[in-house]
Amino acid sequence: MNEVCRRKLILYYEGEETGGVTGVIENIICKISSHHRVKLVCRKTSSLRAWSEKLVAQNVEIEPIALHNKADLFGWIDFKRLGRLVPLFRSADIIHFHLHTAFSCLPAIFLAKIVHAKALITTEHYITQLQYMRRRMLRFPLSIAREVKIRSLMVLKRLSLKYVDRIVTVSDSNRRFLLATFGSSLEGKVESVPNGIEVEKYISTGNQKLSLLNDLQLGVNPSHIITVVAGLNNQKGHEYLIRAVPQIIKQVPRALFLFVGDGHLRKRLQDLAQELGLAEHIVFTGARRDVPRILSASDLFVLPSLFEGMPLSLLEAMAAGKAIVATNVGGTVDVVVPNVTGFLVPPKDINALAEKIIQLLLDQELRNEFGRRGQERVRKYFDRKQMAQKYMEVYERIAQ
């Protein structure tokens with residue numbers, strides 16, 4: 001262990017917001033900062049400032065010089081930042097890149113390969129995003145330009161996977177997808193390390209419903225609270241849940257849906273809810289710092305995503321003892337056991353989503369049973385200490 005203590009580890013993250021990836025990084029740091037000399041390379045944004053300052057207290061050095069996360073030349077070719085990264089990469093024993101999109105960190109990986117002779121690790125947090133790059137219909141010649149860009153990026157992605165020493169995926173389903181997409185020749189250096197959370201933080205000692213309703217000042221007394229904790233973006237599938245709500249409130253008229261989180265689709269989703277006459281049933285809370293309290297007050301957790309790495313919000317809801325209705329997509333299927341801890345439905349299937357939500361809202365005994373089993377499952381398999389220990393083992397193996 002003394003040899004491990006002398007190693008210098010760089011964690012590299014190009015995202016501009018806090019969220020699932022930063023949560024994973026923070027949980028890793030909680031374990032490794034006492035064993036490694038840790039330096040976090042990230043962006044200099046207002047949303048990351050408070051988070052990075054908190055990490056300084058754990059003996060972590062912060063370098064706010066990561067490249068801008070745009071998959072184009074203007075986002076990647078920042079010679080000033082690339083120059084500042086060179087001495088950092090040269091001095092490191094291990095560089096661990098956290099890829100919060102399928103194509104993030106590519107220039108930094110290539111730079112590290114050029115100037116750094118030691119260990120390079122990547123964690124693919126959202127590799128299944130590759131399935132949805134062509135989801136929007138574009139007219140000619142935009143469709144051709146997009147195809148050229150995607151194919152060029154895929155060439156660079158394949159090259160980067162060849163250059164790194166270890167590839168970590170956050171779920172077994174993501175690992176299978178990566179190997180199916182880029183070839184079984186990578187199998188020897190790909191492993192999965194499931195995401196983990198601070199389980200005890202989400203275990204409630206009492207129902208917080210009245211306190212939450214008073215705080216939100218909604219002026220309603222719902223029979224059930226159904227919660228979604230997710231960014232308001234194309235990935236998370238809020239639109240399909242909104243379109244399922246009319247069916248649900250026919251059976252459960254006083255159901256209230258809390259959309260916790262923010263994002264670029266907020267106005268569009270609010271307009272859709274208004275158009276469907278659901279303003280009294282759907283509340284957009286924005287980003288919140290009291291997610292454990294919100295989960296405690298909830299009767300059911302829903303995640304209608306189109307794709308996932310491994311959603312931390314799902315783990316948090318299960319740790320809070322909540323039954324789950326989620327979509328049958330990569331990452332989620334590694335967490336939810338169908339008919340044991342919740343229900344899985346096909347993505348975009350509005351009728352199936354409504355049917356399973358109604359079933360659980362009308363069956364408290366089943367909700368409680370799913371919630372109890374889900375909490376046991378998260379304790380057993382998805383605790384952050386287990387995740388951090390597995391990353392420690394990856395670092396030790398790769399350094400040898």
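# Briefing: Cavity, Pocket, Sheet and Strands

The residues that line the largest cavity divide into five nonpolar, one polar and two charged. The model in which this cavity occurs is predicted. The points below begin with the cavity and a pocket, then turn to an open sheet of seven strands, to Ser 192 in strand E7, and to the pairing of strands E8 and E9.

**The largest cavity**

- The count of cavities of 30 Å³ or more comes to one.
- The space in the largest cavity amounts to about 30 Å³.
- Its lining consists of Tyr 240, Thr 327, Val 345, Pro 346, Lys 348, Asp 349, Ile 350 and Leu 353.

**The second largest pocket**

- The volume of the second largest pocket is about 350 Å³.
- Sixteen residues line this pocket, and those nearest its centre are Asn 234, Glu 239, Tyr 240, Leu 265 and Arg 268.
- Tyr 240 thus appears both in the lining of the second largest pocket and in the lining of the largest cavity.
- By class, the pocket lining comprises six charged, five polar and five nonpolar residues.
- Two helices, H10 (238-251) and H11 (266-275), each contribute at least two residues to this lining.
- The greatest contribution is that of helix H10, which gives four residues.

**The seven-stranded sheet**

- Seven strands make up an open sheet with parallel pairing, and their order is E3-E2-E1-E4-E5-E6-E7.
- At the edges stand strand E3 (60-63) and strand E7 (190-192), each of which pairs on one side only.
- On average, neighbouring strands of this sheet are turned by 20 degrees against each other, direction ignored.
- Within the sheet, strand E1 (residues 8-13) pairs with strand E4 (residues 94-99) in the parallel sense, over five bridges.
- Tyr 12 has Phe 97, in E4, as its bridge partner.
- Helix H6 (residues 106-115) packs on the sheet, where it touches E1, E4 and strand E5 (119-124).
- The direction of helix H6 makes about 165 degrees with that of E4.
- Helix H3 (residues 46-56) lies across E1, strand E2 (37-41) and E3, and runs at about 150 degrees to E3.

**Ser 192 in an edge strand**

- Ser 192 is found in strand E7, one of the edge strands of the sheet.
- Is Ser 192 buried or partly exposed? Ser 192 counts as partly exposed because its relative accessibility is 21%, while buried means under 20%.
- Apart from neighbours within four places in sequence, the residues in contact with Ser 192 are Thr 169, Ser 171, Asp 172 and Arg 175.
- Ser 192 and Lys 390 are separated by 198 residues in sequence, yet their C-alpha atoms are 9.5 Å apart in space.

**Strands E8 and E9**

- Strand E8 (residues 224-229) pairs with E9 in the parallel sense, over six bridges.
- One of these links concerns Thr 227, whose bridge partner in E9 is Leu 258.
- Strand E9 (residues 255-260) is mostly covered, with six of its six residues buried.
- In a regular strand, side chains point alternately to the two faces of the sheet.
- In E9 both faces are covered: one side has Ala 255, Phe 257 and Phe 259, the other has Leu 256, Leu 258 and Val 260, and all are buried.
- Leu 258, the bridge partner of Thr 227, is therefore among the buried residues of E9, as buried means under 20% relative accessible area.

Notes
Residues numbered from 1 in each chain as written. Predicted model: local features only at pLDDT ≥ 70, side-chain atom pairs only at ≥ 80, totals over all residues. Heavy atoms only, no water. Pairing = 2+ DSSP bridges. Axes fitted to C-alpha atoms, helices over the stretch in contact; angles between N-to-C directions. Contact = heavy atoms within 4.5 Å. 1 Å grid on protein atoms, 1.4 Å probe; cavity = no way out; pocket = protein on both sides within 12 Å on 5 of 7 lines; lining within 4 Å. Points joined across faces, edges and corners; volume = space filled by probe spheres on them. Nonpolar A, V, L, I, M, F, W, Y, C, P; charged D, E, K, R; others polar. Buried < 20%, exposed > 50% of the residue type's maximum accessible area, 1.4 Å probe, protein only.
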